[in-house]
Amino acid sequence: MNNFSFQNPTKILFGKDQVANITKEIPANAKVLMLFGGGSIKKNGVYEQVSAALKNYDYIEFGGIPPNPEYSILMDALKIIKEKNIDFLLAVGGGSVIDGTKFLSAAALYKGENAWDILKKGIRTEKGMPFGTVLTLPATGSEMNSGAVVTNKETQEKLGMGGPGLFPQFSVLDPSFVSTIPEKQLANGLTDAFTHVLEQYLTYPIDAKIQDRFAEGILVSLIETAPNLMKNPSDYDTAANFMWSCTMALNGLIQKGVPTDWATHMIGHELTALYGIDHARTLAIIGPSLYQHTFEQKKEKLAQYAERVWDIKTGSLEEKAEKAIEKTVEFFNSLGIDTKLSKYTDDYKDTASFISKRMTERGWTALGENKKITPSDVVKIVEGAY
Ligand code: NZQ
Ligand code: ZN
């Protein structure tokens, strides 16, 4: 097992009616900015619950953060934070609202001139403006980690940021909020969380028994939960299992002491930046092609995944590993998710070389757990997903 340090300071308030308890977490004299997305919270009662909890606070609202949070819109919110002397942020939404809020937490205290540099130059945030979250869409794990991804439409870029100053102070996880999530977003959430685990598990064996069992436990839970969740998201226990699985998939725990990949995410973000394809769907497009392309490096863990998660007990190591990739594609397809780029756009002929060139320009020339994925591999991985 590799050396590691692990600290996750986010307090989780899990369960029904937990929104009311945010008053115990936000300082009474805070000047609060409540941030949300396109309005789903106004249709499902979440807005009312949060407004009721904030009634004794000095607070204002900022709505309209879109999926794949857009830099120029966030800059409007930053202006309000500065003008109104806001000192506490409350994100109410999915990964996009939470990530947008993390950007604002960093940008509010950033001393440089251009806040885009935080993303472009990869500036880590050691200290951000304090913030909490009320999660409405299980998927990204952003509610309990310190990373964020922001989109810039003008430059067609989608870049990551992070740092120890960007953990939420608290996150409310109320599974009742899952009941209004559209089928398409439920499928996205399952696929995103599933791929988060694979990024941290499907590498090479290093005898990290507990991390492997945690990872396999989350994968099995997501597979078991998926059919009922897609049929009946109002079922509280199903929603609770879905929600906690997604959080545990990317709160840092399972990646400690083990190699991690993340190349599927890095390539996938380019597809969102270029075509606006939902984040989770880009992972379903790139993941299977990447596992094929890096088969020799990953085959031992692929076979372990086949045996322990998909219960495939017969065949050679290679056969099991191949079967695991097939099962993964079948799982995504069972959620209504296509795994080929050509199903999402007709304009894909030059995509592979474009993405590879862009990554080369950024110096991203050695991706994956072995740092062996070169720009020419990126071309083959993306072409393999056409
Ligand atoms: O905007 P509103 O009206 O709220 O509607 C949203 C949005 O249209 C809707 N929604 C959310 N909760 C709902 C609901 N609709 C009905 N009922 C509810 N309870 O769902 C739509 C999608 O929301 P979004 O927040 O965009 O989805 P998701 O949570 O999948 O977040 C995706 C973003 O997170 C980033 C992605 O790249 C993408 O930008 N990620 C963040 C990560 C992190 N910070 O750790 C890791 C991930 O790998 C990912 O990159
Ligand atoms: Zn993801």
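These exercises work through the domains, cores, one helix pair and two loop residues of a predicted model.

**Exercise 1. Describe how the chain is divided and how the two parts meet.**

Step 1. Set the bounds. Domain 1 spans 11–176, and domain 2 spans 181–384.

Step 2. Place the centres. Taken over C-alpha atoms, the centres of domain 1 and domain 2 are 26 Å apart.

Step 3. Count the contacts. Domain 1 brings 25 residues into contact with 24 residues of domain 2.

**Exercise 2. Locate the largest nonpolar core relative to the domains.**

Step 1. Start with the membership. The largest nonpolar core holds 93 residues. Phe103, Phe194 and Tyr305 touch the most other members.

Step 2. Assign the core. Domain 1 and domain 2 both contribute residues, so this core lies between them.

Step 3. Separate the other core. Apart from the largest core lies another, of 22 residues. Val19, Val50, Leu54 and Phe170 are among its members.

Step 4. Look around one hub. Leaving out residues up to four places away in sequence, Tyr305 touches Phe194, Leu198, Tyr201, Leu202, Leu219, Trp310, Ala324 and Thr328.

**Exercise 3. Classify the packing of helix 11 against helix 12, and describe the contact.**

Step 1. Take the geometry. Helix 11 covers residues 295–309, and helix 12 covers residues 317–334. The angle is about 75°, and the axes are 7 Å apart.

Step 2. Apply the cut-off. Angles of 65 to 115 degrees count as roughly perpendicular. Helix 11 and helix 12 are therefore roughly perpendicular to each other.

Step 3. List the residues. Helix 11 uses Phe295, Lys299, Glu300, Leu302, Ala303, Tyr305, Ala306 and Glu307. Helix 12 answers with Leu317, Glu318, Lys320, Ala321, Glu322, Ala324, Ile325 and Thr328.

Step 4. Sort by class. The contact has nine nonpolar, six charged and one polar residue.

Step 5. Link back to the hub. Tyr305 belongs to the helix 11 side of this contact. Ala324 and Thr328, on the helix 12 side, are both among the residues that Tyr305 touches.

**Exercise 4. Place two non-glycine residues with positive phi, asparagine 68 and aspartate 311.**

Step 1. Take asparagine 68. Its phi is near 55°. Asparagine 68 sits in the loop between strand 3 (58–62) and helix 3 (71–83).

Step 2. Take aspartate 311. Its phi is about 60°. Aspartate 311 sits in the loop between helix 11 and helix 12.

Step 3. Is aspartate 311 buried or exposed? The cut-off for exposed is over 50% relative accessible area. Aspartate 311 has 56%, so it is exposed.

Technical notes
Residues numbered from 1 in each chain as written. Chains lettered and ligands numbered in written order. Predicted model: local features only at pLDDT ≥ 70, side-chain atom pairs only at ≥ 80, totals over all residues. Heavy atoms only, no water. Core = buried A, V, L, I, M, F, W, Y, C linked by side-chain atoms within 4.5 Å. Buried < 20%, exposed > 50% of the residue type's maximum accessible area, 1.4 Å probe, protein only. Domains from an automatic or database assignment. Contact = heavy atoms within 4.5 Å. Axes fitted to C-alpha atoms, helices over the stretch in contact; angles between N-to-C directions. Helix = DSSP H or I, 4+ residues; strand = E, 2+ residues; numbered from the N terminus. Parallel < 35°, antiparallel > 145°, perpendicular 65-115°, else oblique. Nonpolar A, V, L, I, M, F, W, Y, C, P; charged D, E, K, R; others polar.
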